Amino acid sequence: HSPPEQPGDKPSETGEIQRKEVCRWPCRCPAVPACTPGISLVKDGCGCCKVCAKQAGEPCNEADVCDPHKGLYCDYSKDEPRYETGMCAYLIAVGCELNGVYYANGQTFQPNQLYKCLCVSGTIGCTPVFTPRLAGTPCARVPGRKKPGQSICGLGQHKQLQSTNYRLMSAYRSLPLVLKKKCLIQASPWTPCSRTCGIGISSRVTNDNRKCEMKKEKRLCFIQPCLTNMLKKIKIPKGKTCQPTFQLPTAEKLVFSGCSTTQRYKLTFCGLCLDKRCCIPNKSKMITVQFECPNEGFFRWKMMWITSCVCQRICSAPGDIFSQLKLL
């Protein structure tokens with residue numbers, strides 16, 4: 001006996017079951033939805049309307065697409081023979097590593113109390129954990145109304161406060177803010193240098209460009225030279241435990257990717273301490289350095305020029321993307 005025909009099934013001339021049509025033209029779209037943080041707003045599979053992308057484990061079809069920014073695809077393998085409705089699943093891909101911990105592709109994790117993160121094909125994406133803050137808000141107690149300390153906000157107002165308060169966290173503050181040719185210049189803080197010794201790279205996101213678009217900007221950074229015995233090179237003053245900065249005796253050319261600078265520089269480096277403190281850049285400026293490559297011409301890079309360093313007890317590993325986060 002053949003299985004009973006399902007609603008929407010249409011046998012073709014060859015006897016094969018046809019998939020139900022889920023797209024309709026001309027397009028008729030409802031209002032653009034407001035997706036929760038971490039869920040992509042994408043165009044549906046029909047090419048018509050903006051929709052919130054389906055997430056891992058949710059049903060999908062030709063119209064309801066899976067989140068492409070998370071490496072998801074619609075798996076129709078369990079809907080044989082129609083292949084009409086599938087389930088969003090992750091593509092097979094590499095995992096992620098953060099601070100020595102390995103996470104599988106598609107795995108969600110919370111590295112600290114401020115963020116929840118997701119590993120997608122070797123890349124980590126994070127969204128803030130919303131924490132309501134009622135003190136000093138429109139939901140605070142009003143004299144003469146309700147009991148002391150009791151909130152006067154409804155559930156909807158609480159959710160609205162939660163959705164906006166995360167922007168007050170230090171990681172979401174865009175510094176500095178400058179108005180330049182009708183463009184509100186914004187920039188994130190520079191990331192820590194990628195190397196503790198030798199020339200590394202740090203980056204930030206800024207819209208300080210002609211099109212006022214948020215773009216990633218990189219610069220070279222040189223915190224310390226890679227010396228075998230730093231204590232012999234740095235003289236720590238008598239009675240002190242730290243020497244915040246030092247310089248090498250002579251100006252030298254910088255070497256990067258097999259190329260060397262056309263000029264010699266006498267850089268200021270961050271020093272070291274006899275105790276467990278570490279020295280990091282405190283003040284710096286930006287310069288442009290030109291490199292000359294053998295038989296390949298010239299190229300230029302922006303570079304951080306250290307002017308002063310500070311020694312502190314909070315020491316984070318290079319590449320720790322959460323080292324600057326603090327609870328307010």
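How many salt bridges does the rule give, if a salt bridge is a side-chain nitrogen of Lys or Arg within 4 Å of a carboxyl oxygen of Asp or Glu? The count comes to three salt bridges. The structure is a predicted model, in which local features need pLDDT of at least 70 and side-chain atom pairs count only at pLDDT 80 or more, while totals for chains, interfaces and linings use all residues. Residues are numbered from 1 along each chain as its sequence is written, and side-chain values use heavy atoms, with hydrogens and water left out.

Side chains of opposite charge can pair when their charged atoms come close. One such pair is R204 with E217, whose side chains meet in a salt bridge at 2.9 Å, N to O. The two residues belong to distant parts of the chain, R204 to strand β15 (residues 199-206) and E217 to strand β16 (residues 215-222), 13 residues apart; strands here are DSSP runs of E with at least two residues, and helices are runs of H or I with at least four, both numbered from the N terminus. R204 has 19% relative accessibility and therefore counts as buried, where buried means under 20% relative accessible area, exposed over 50%, and partly exposed in between, with a 1.4 Å probe and protein chains only. E217, at 15% relative accessibility, is buried as well.

E217 also forms a salt bridge with K302, the closest N and O atoms being 3.1 Å apart. Because K302 lies in strand β22 (residues 297-312) and E217 in strand β16, this pair ties together parts that are 85 residues apart in sequence. K302 counts as partly exposed, at 39% relative accessibility.

A further salt bridge joins the side chains of D275 and R277, at 3.1 Å from N to O. Both residues count as partly exposed, D275 at 28% relative accessibility and R277 at 26%. Salt bridges that share partners, meanwhile, join R204, E217 and K302 into one network.

It remains to ask how confident the predictor is, which pLDDT expresses for each residue from 0 to 100. The mean pLDDT of the chain is 75, and 73% of its residues reach 70 or more. Confidence is lowest in helix α1 (residues 155-165), at a mean of 44, and highest in strand β5 (residues 59-60), at 93. Over residues 132-138 the pLDDT is below 50, and this stretch has 12 contacts in the model beyond near neighbours in sequence, a contact meaning heavy atoms within 4.5 Å. Where pLDDT is low, the predicted coordinates should not be read in detail.
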